[in-house]
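Colleague: Please give me a close look at the sites in this model, taking the surroundings of the ligand as the main part, and then go on to what lies elsewhere in the fold.

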Amino acid sequence: MSLYANPSLYRAFFAPSVELRTSIDALVRKHVGAKDVTKLRVIDPACGPATWIEHFADRGAKVVGIDIEPKAVKAARLHLGDRPATVVEGDMRQPPASVKGPFALAINPDNSVGHLGGLVDVAAHLAAMHRLLRSPKGDGGHYVVGLAVREPGDELDVGTVYERGPVEVGGGGLAALRTETLGLVDVQHPDGLRCERIRHTILAVGVEGVGPIVLEQYDLLTFPFATLRSLLAENGPWTVVDCRDATDEALPRKRLGPGAGDVLLTLRADKAATSSARRLRLGRATKKR
Ligand SMILES: C[S@@+](CC[C@H](N)C(=O)[O-])C[C@H]1O[C@@H](n2cnc3c(N)ncnc32)[C@H](O)[C@@H]1O
């Protein structure tokens, strides 16, 4: 069983709290500046069972979700019902051609990027998102994305990082989750990246297809700061307009730098100068000479 292939369980454990939704709303207001959310098009490139796009759909935004897991896609469609939403099965490295921009906002806070296979995948994902984003004013849209910045010498305290439940699971039953970090592991990644090993322990009673005890373990990519900086420059360009501590639901500000840890970044998809802007700059430069 994978948590991602059991959408009821995923939503029971990871539906965002009121505090986190309030923090995300404040971030979006600050950077996207949309007073009227109903005019926004919002995309989550790894949407799971609509945990975040449902939040924006509830506020009237037109939302699009992509996920590689068919059961998550099915559940997301079910939860979104007849709201203005499209959810498609696909890969965040190369979103399906049916997904057309522009979007003012992309939202992907829960380190889905960590599931990618390496630098080539992350580069493809960033470039694809950059192409899809544009604000209603015509300049760059924004990408709110969670990821981990770790340096080669960094160590992580091994232990529990999240606990939830017992909670009622949609569709019936009760379940409890403990998530532990097993630290940064050297998995001999071909790109030299290190991964954080995560273990979920789930206890479940009366949940269809689950239990009573499930152990699940996976590795999430982490990025040295310099690597992240190159990725953003070469597959955009992106400007980091905001950095928050992703381990605190109040999302306090955090300095982005080497070893910043689990962060929530707001990236602006900067667009290359248009030919008229380039001509203008050229004109000014010519005048000066
Ligand atoms: C941590 S969940 C995030 C769900 C949602 N974005 C949220 O923040 O709650 C990660 C999701 O990424 C999806 N995923 C993993 N690799 C993917 C890929 N290459 N393309 C699209 N989705 C992917 C998984 O199926 C899973 O639903």
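Modeller: Since I shall place several residues by the helices and strands on either side of them, please note that helices are DSSP runs of H or I with at least four residues, that strands are DSSP runs of E with at least two, and that both are numbered from the N terminus. Please also keep in mind throughout that this is a predicted model.

I begin with the ligand, which has 20 residues around it, and among these Asp44, Ala46, Thr51, Asp67 and Met92 come nearest. Two of those names return when individual atoms are considered: an N or O atom in the side chain of Asp44 lies 2.8 Å from a nitrogen atom of the ligand, while in the side chain of Asp67 an N or O atom lies 2.6 Å from an oxygen atom of the ligand. The side chain of Tyr10 also has an N or O atom 3.1 Å from a ligand oxygen. As for cover, the ligand taken alone exposes 600 Å², and the protein buries 94% of that area. By class, the shell around the ligand is made up of 10 nonpolar, five polar and five charged residues.

I turn next to the second largest pocket, whose volume is about 490 Å³. Its lining comprises 20 residues, of which Asn6, Pro7, Ser8, Gly170 and Glu208 are the closest to its centre. Two elements, α1 (7-14) and α4 (70-80), each give two or more residues to this lining, and α4 gives the most, with five. Sorted by class, the lining of this pocket has eight nonpolar, eight polar and four charged residues. The second largest pocket lies between domain 1 (3-149 + 223-271) and domain 2 (159-221), because both domains give residues to its lining.

Some backbone details in the loops deserve the same care. Gly101 and Pro102 are joined by a cis peptide bond with omega about -5°, and Pro102 sits in the loop that runs between β3 (85-89) and β4 (105-108). Another cis peptide bond, with omega about 0°, joins Gly211 and Pro212, where Pro212 belongs to the loop between β8 (195-205) and β9 (213-221). Finally, Ala50 has a phi near 70°, which is a positive value in a residue other than glycine, and Ala50 is found in the loop between β1 (41-44) and α3 (53-58).

Technical notes:
Residues numbered from 1 in each chain as written. Predicted model: local features only at pLDDT ≥ 70, side-chain atom pairs only at ≥ 80, totals over all residues. Heavy atoms only, no water. Near = heavy atom within 4 Å. Polar contact = N/O pair within 3.5 Å; in protein donor to acceptor, adjacent residues only side chain to side chain. Areas by Shrake-Rupley, 256 points an atom, 1.4 Å probe, with all protein chains shown as cover. Nonpolar A, V, L, I, M, F, W, Y, C, P; charged D, E, K, R; others polar. 1 Å grid on protein atoms, 1.4 Å probe; cavity = no way out; pocket = protein on both sides within 12 Å on 5 of 7 lines; lining within 4 Å. Points joined across faces, edges and corners; volume = space filled by probe spheres on them. Domains from an automatic or database assignment.
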